[in-house]
Amino acid sequence: MFAAAEIDPATKRRYSTARGIAFEAKPTNDGTWHGYPIPWESVPEEFRRKWLKAGLVTGKDIRNHMRFDQSEIHWALVTDER
């Protein structure tokens, strides 16, 4: 997912989306990345607009996950596989 992510040059963070959920990855001190779901309000506006235009995300996805309590991300971690 993060291989094709958008990179914010100011922060060096990577942003991506999957199944209507926004994700951010930060570099760690050992050269790896740590990725996790984030609220859409934390995604740079230029990436949100680009993904909407490309059809990678919908307005409903963004509205549904615009804000959330960081301790309550279980909804983003549930898989489709059962």
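Helix α1 buries Phe-47, Arg-48 and Trp-51. Viewed along the axis of α1, those buried residues fit within an arc of 100°, so they line one face of the helix. Keep in mind that this is a predicted model. Much of what follows comes back to α1, with its ring pairs, its salt bridges and its share of the core.

**Helix α1: inside and outside**

- The cover over the buried residues of α1 includes β1, β2 and α2 (59–64).
- Glu-46 and Lys-53 sit on the other side of α1, and there they are exposed.
- Residues three or four places apart in an α-helix point the same way, because such a helix has 3.6 residues a turn.
- Phe-47 and Trp-51 fit that spacing: they are 4 residues apart in α1, or about one helical turn.
- Just past the end of α1, Gly-55 has a positive phi of about 80°.

**Aromatic pairs**

- How many aromatic pairs turn up in a search of the whole structure? The search finds 3.
- Take Tyr-15 and Phe-47: their ring centres are 5.8 Å apart and the planes meet at 45°, so this pair counts as tilted.
- Tyr-15 belongs to strand β2 (residues 13–18) and Phe-47 to helix α1 (residues 45–54), so the pair ties together parts that are 32 residues apart in sequence.
- Both of these rings are on buried residues: Tyr-15 has a relative accessible area of 4%, and Phe-47 has 5%.
- Phe-47 also pairs with Trp-51, and here the rings are stacked, with 6.1 Å from centre to centre and 25° between the planes.
- Trp-51 is buried, just as Phe-47 is.
- Put the ring pairs together and you get a cluster of Tyr-15, Trp-40, Phe-47 and Trp-51.

**A charge over a ring**

- Arg-14 places its charged end over the ring of Trp-33, 4.1 Å from the ring centre.

**The nonpolar core**

- As a general point, nonpolar side chains tend to be buried together in soluble globular proteins.
- Here the largest nonpolar core has 10 residues in all: Tyr-15, Ala-22, Tyr-36, Ile-38, Trp-40, Val-43, Phe-47, Trp-51, Val-57 and Ile-62.
- Strand β4 (33–38) and helix α1 each contribute at least two residues to this core.
- Among the core members are Tyr-15, Trp-40, Phe-47 and Trp-51, which also make up the ring cluster.
- Which residues does Tyr-36 touch, leaving aside its neighbours within four places in sequence? Tyr-36 is in contact with Ala-22, Phe-23, Glu-24 and Lys-26.

**Salt bridges**

- The salt-bridge count comes to 5.
- One of them joins the side chains of Lys-50 and Glu-6, at 2.8 Å from N to O.
- Lys-50 is in helix α1 and Glu-6 in strand β1 (residues 6–8), so this bridge ties together parts that are 44 residues apart in sequence.
- Are the two ends of that bridge buried or partly exposed? Lys-50 is partly exposed at 46% relative accessibility, whereas Glu-6 is buried at 17%.
- Within α1, Glu-45 bridges to Arg-48 at 2.3 Å, N to O, and the two are 3 residues apart, about one helical turn.
- Glu-45 is partly exposed at 38% relative accessibility, while Arg-48, at 13%, is buried because the cut-off for buried is under 20%.
- Glu-45 has another bridge, to Arg-49, at 3.7 Å from N to O.
- That second bridge also stays inside α1, with Glu-45 and Arg-49 placed 4 residues apart, about one turn of the helix.
- Through shared partners, Glu-45, Arg-48 and Arg-49 form one salt-bridge network.

**Positive phi in the loops**

- Lys-12 is not a glycine, yet it has a positive phi of about 65°.
- You'll find Lys-12 in the loop between β1 and β2, and it is exposed, with a relative accessible area of 53%.
- Arg-19 is likewise not a glycine, and its phi is positive at about 50°.
- Arg-19 sits in the loop between β2 and β3 (21–27), and its relative accessible area of 52% makes it exposed.

Note on methods
Residues numbered from 1 in each chain as written. Predicted model: local features only at pLDDT ≥ 70, side-chain atom pairs only at ≥ 80, totals over all residues. Heavy atoms only, no water. Phe/Tyr/Trp six-rings, centres within 6.5 Å; stacked < 30°, edge-to-face > 60°. Buried < 20%, exposed > 50% of the residue type's maximum accessible area, 1.4 Å probe, protein only. Lys NZ or Arg CZ within 6 Å of the ring centre and 35° of its normal. Salt bridge = Lys/Arg side-chain N within 4 Å of Asp/Glu carboxyl O. Core = buried A, V, L, I, M, F, W, Y, C linked by side-chain atoms within 4.5 Å. Contact = heavy atoms within 4.5 Å. Arc of directions from axis to C-beta.
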